[in-house]
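Student: I'd like to learn how to read helix packing and nonpolar cores in a model. Could you walk me through one?

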Amino acid sequence: IKMRKYNKEQKEYMNAKAILSALEDQENEMEADFVKSLGVVNPDGSIPTKTWAIDDDEIADKAITDFGKIEEESGLWAEILKARENFKAAEEALIQYALSIIPFKKEREILTQAAKNSIKYREEIISTVLKLDVSTVK
């Protein structure tokens, strides 16, 4: 079985995405634990897992502020912001790589504009280039 080969841009994108995802999972878990510790039950009987999902606006506003402080003090928020920046840079580098290997000038120009103006086309370009085995590119 031949292993697919990834280039630097593909590897950095996948790595940055995994790091960001792990930090966001950690944030979600931390927020759910925080909300649970408040003992809040919404009028419909549901137990929220997000501060913004607390039905009582006064409690929700305080919870959002308090959790924001906790998240910032823990350093998690700074890590998430850095991971988002890294992910955005890796995404842009991957898109630029994808555009650079398009052999036809007209198509490359059209897709370059589409990548600037449409999240849908950016996602499509990323999805396609991640499937690419770079050992097949000349």
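Student: Which residues in H4 meet which residues in H5?

Tutor: Happy to help, and keep in mind that this is a predicted model. To read a helix pair, look for the residues on each side that touch. Here Leu111, Ala114, Ala115 and Asn117 in H4 meet Ile119, Tyr121, Arg122 and Ile125 in H5. By class, that contact has six nonpolar, one polar and one charged residues.

Student: At what angle do the axes of H4 and H5 cross?

Tutor: The axes of H4 (residues 105–117) and H5 (residues 119–130) cross at roughly 120° and come within 6 Å. That makes H4 oblique to H5. The crossing of H4 and H5 is left-handed.

Student: How do H2 and H3 pack?

Tutor: H2 (residues 57–74) and H3 (residues 76–100) pack at about 75°, with axes 4 Å apart, so H2 and H3 are roughly perpendicular to each other. Glu71, Glu72 and Ser74 of H2 make the contact with Leu76, Trp77 and Ile80 of H3. Its classes are three nonpolar, one polar and two charged residues.

Student: Which residues touch the most other members of the largest nonpolar core?

Tutor: For a core, look for its best-connected members. Among the 21 residues of this one, they are Tyr13, Leu94, Ile95, Leu99, Ile125 and Ile126. H1 (8–38), H3 and H5 each supply at least two residues, and H3 gives the most, with ten. Leaving out residues up to four places away in sequence, Tyr13 touches Phe87, Ala90, Glu91, Leu94, Ile126 and Leu130. Another core, of seven residues, lies apart from the largest one and includes Val35, Ala60, Ala63 and Phe67.

Terms used:
Residues are numbered from 1 along each chain as its sequence is written. This is a predicted model: local features need pLDDT of at least 70, side-chain atom pairs count only at pLDDT 80 or more; totals for chains, interfaces and linings use all residues. Side-chain values use heavy atoms; hydrogens and water are left out. Axes are lines fitted to C-alpha atoms, for helices over the stretch in contact, and angles run from 0 to 180 degrees between N-to-C directions. Angles under 35 degrees count as roughly parallel, over 145 as roughly antiparallel, 65 to 115 as roughly perpendicular and the rest as oblique. Contact means heavy atoms within 4.5 Å. Ala, Val, Leu, Ile, Met, Phe, Trp, Tyr, Cys and Pro count as nonpolar, Asp, Glu, Lys and Arg as charged, and the others, Gly among them, as polar. A crossing is left-handed if the near helix is turned anticlockwise from the far one by less than a right angle, and right-handed if clockwise. A nonpolar core is a set of buried Ala, Val, Leu, Ile, Met, Phe, Trp, Tyr and Cys residues joined through side-chain atoms within 4.5 Å. Buried means under 20% relative accessible area, exposed over 50%, partly exposed in between (1.4 Å probe, protein chains only).
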